[in-house]
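Me: Please take a close look at a single part of this model, the nonpolar core, and work outward from one of its residues to the chain as a whole.

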Amino acid sequence: MGKEYYRKQIIDLRARVAREREAKKRDNARYAQLVRQSTSLSSKTSYRRSKISASAAHDRNIESLKRQIVSAQRSLKLCR
């Protein structure tokens with residue numbers, strides 16, 4: 001695999017990290033809105049748990065993408 005492949009892969013991965021961060025913001029805002037709108041205590045608790053779970057999933061995805069970027073950077077250095 002050539003240098004251009006790894007450069008393109010790094011660019012694509014960085015774009016995916018940015019999209020994942022935006023998705024995290026959207027989900028957090030959506031769950032916050034649901035918590036504010038709900039009237040029962042049990043549904044508020046459920047939405048809060050869902051918000052924490054969704055946020056953690058986004059964080060895991062972002063960390064995974066960061067590891068892939070580091071791996072691609074290492075591979076790029078080996079090509080040189």
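**The core and its setting**

Reply: Once neighbours within four places in sequence are set aside, Leu76 is in contact with Lys3, Tyr6, Arg7 and Ile10. The model is predicted, and the contacts of Leu76 listed here rest on heavy atoms within 4.5 Å.

Leu76 belongs to the largest nonpolar core, which has nine residues in all. Tyr6 and Ile10, both in contact with Leu76, are members of this core as well. The rest of the set is Leu13, Val17, Ile62, Leu65, Ile69 and Ala72. Two elements, α1 (3–37) and α2 (41–79), each give two or more residues to this core. The largest share comes from α2, with five residues.

As for the chain around the core, the protein chain has two helices and zero strands. Its radius of gyration is 18 Å, whereas the globule rule gives 12 Å for 80 residues, so the chain is more spread out than a compact globule. Along the principal axes, the C-alpha atoms fill a box of roughly 60 × 15 × 10 Å.

Among contacts in the protein chain with a separation of 6 or more, 75% are between residues 24 or more positions apart. Of the 80 residues, 24% count as buried.

The accessible surface comes to about 5,900 Å², and carbon and sulfur atoms hold 51% of that surface. On the charged side chains, the protein chain has 22 positive and 7 negative ones. The centres of these two sets lie 3 Å apart.

Methods
Residues numbered from 1 in each chain as written. Predicted model: local features only at pLDDT ≥ 70, side-chain atom pairs only at ≥ 80, totals over all residues. Heavy atoms only, no water. Helix = DSSP H or I, 4+ residues; strand = E, 2+ residues; numbered from the N terminus. Rg over C-alpha atoms; globule rule 2.2 N^0.38 Å. Buried < 20%, exposed > 50% of the residue type's maximum accessible area, 1.4 Å probe, protein only. Areas by Shrake-Rupley, 256 points an atom, 1.4 Å probe, with all protein chains shown as cover. Lys, Arg positive; Asp, Glu negative; His and termini not counted. Charge placed at Lys NZ, Arg CZ, Asp CG, Glu CD. Core = buried A, V, L, I, M, F, W, Y, C linked by side-chain atoms within 4.5 Å.
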